[in-house]
Every structure is written in C-alpha cells, then in structure tokens.
Amino acid sequence: MKDDFIVPLNGLTQGRTKFRWSVGKEFFERFENSEILDAGLEVEVDVEKSGRFIGVDCEIDGDVTVTCDRCLGDLRLPVSTGFALSVKFGDPGSAGEAEGEREIVVLPVTDADLDLSQTVYDYICLSLPVQRVHEEGGCDPDTVRFLSSEDDEELVQKDSSTPFAGLKDLLGKK
C-alpha cells in the first residue's frame, strides 16, 4: 500500500508508461477521511516522457459510499474525474501557473519519485457533490416520515405544554 500511487520518474523510459491502481476504503482511512465509508475506484495513469517534458494524465472511475445527508443511510455515488499534470524540476516556490489544460507540479531536483496519492485523494473528494442525498424515494421511509413537516405539526398539536406549542398559531398567519 505504501508504494501505491508512486511514479518512479528516474526509471521512466522515453514514451508512454501506464499505471493502474485500485482505491478502496483503506485509501481513505490513511487520510483519516470519515465521510467516505467505502470505495470501489480504478485509477489509470498515463505518463508521457519526452525529453525534459513529463506529462501525467489520470482518469478515476468507480463509486464511493457516503452517508446520506437526509436519512443518514449509506449512499453510493458515482465518481468520474481526472486530471492532467506537467512535472517540472526546480524551486517548488515557482509553481502556481498552468500550462494549457495542465497543472504544473514543481518538484525539487533531488526527487526521484512522484507521489500521486494526495492529488488522487483531492480530486476524488472535489468530485463529490456538496449535498449528498438519495434520489427521490430512495431514503429510508421511516426516517423521511419522521422528518416530514406534517408529523412535526401533529406532535406540536398533541403536546401543548411544549415551548413551541404557541408557535403553531403563527404558521397559519401571513
């Protein structure tokens, strides 16, 4: 697991080299991510070395399991994302530009390997929607019924000793 997502830059031959890794629950546990409960993702990396140019193209496909924001049940979300990097050697403080459609990663001249684990993790997390809910009708019906506003009104009407009992009259007034 430790050598996953490592691209040995010094050992690359001219031309294209392909790498493939699987991402599961353990990968997200390494990052102490409690939001992603499980994962079944495939990461395909195509590294092109041509002279001093090193280009990294990555595609990530599969699904992750998260908690539904509405019913707190397990929710499987599809993931289909990717990124393109240009690797350069030099002073890491000189990064920050983009080269066409590629992000530039500047590594110290002494680095022999490119660790893509943080970049893969970031792109997976960024591809997930902010609000994560089941499709209509997919949530646990008992939880949805408990959360519905009709049940809230019934609870307030049944117990007039609650501090919210007086608010029920305000609901009908505009």
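A search of the whole structure, which I should say at once is a predicted model, finds nine aromatic pairs, and I would like to begin with two of them before turning to the charged side chains. A pair of aromatic rings is described by the distance of the centres and the angle of the planes, and those are the values I will give for each pair.

Take F19 and W21 to start with: their ring centres lie 5.7 Å apart and their planes meet at 15°, so this pair is stacked, given that planes under 30 degrees apart count as stacked. Both F19 and W21 are buried.

The other pair I chose is F27 with Y121, where the centres are 6.5 Å apart and the planes stand at 55°, so the pair is described as tilted. What I would like you to look for in the structure is how this pair links distant parts of the chain, since F27 sits in helix α1 (residues 25-30) while Y121 sits in helix α2 (residues 117-127), 94 residues apart. F27 is buried, and Y121 is buried as well. If you now look at these four residues together, you will find that they belong to one aromatic cluster, which is formed by F5, F19, W21, F27, F28, F31 and Y121.

Let me move on to charge. Side chains of opposite charge can pair when their charged atoms come close, and in this model the count comes to nine salt bridges.

One of them joins R16 and D46, with 2.6 Å from N to O, and it links distant parts of the chain, because R16 belongs to strand β2 (residues 15-23) and D46 to strand β3 (residues 38-50), 30 residues apart. Are the two partners buried or exposed? R16 counts as exposed, at 53% relative accessibility, whereas D46 is buried, with a relative accessible area of 14%. R16 and D46 are also part of a network of salt bridges that includes K18 and E48.

A further salt bridge is formed by E42 and R20, whose closest N and O atoms are 3.4 Å apart. E42 lies in strand β3 and R20 in strand β2, so this pair ties together parts that are 22 residues apart in sequence. E42 is partly exposed at 31%, and R20 is exposed at 54%.

Finally, D63 and R76 meet in a salt bridge of 2.6 Å, N to O, and since D63 is in strand β4 (residues 53-67) and R76 in strand β5 (residues 74-89), the pair ties together parts 13 residues apart in sequence. Here D63 is partly exposed, with a relative accessible area of 21%, while R76 is exposed, at 59%.

Key. Residues are numbered from 1 along each chain as its sequence is written. This is a predicted model: local features need pLDDT of at least 70, side-chain atom pairs count only at pLDDT 80 or more; totals for chains, interfaces and linings use all residues. Side-chain values use heavy atoms; hydrogens and water are left out. A salt bridge is a side-chain nitrogen of Lys or Arg within 4 Å of a carboxyl oxygen of Asp or Glu. Helices (H or I, at least four residues) and strands (E, at least two) are DSSP runs, numbered from the N terminus. Buried means under 20% relative accessible area, exposed over 50%, partly exposed in between (1.4 Å probe, protein chains only). Rings of Phe, Tyr and Trp (its six-membered ring) pair if their centres lie within 6.5 Å; planes under 30 degrees apart count as stacked, over 60 as edge-to-face and the rest as tilted.
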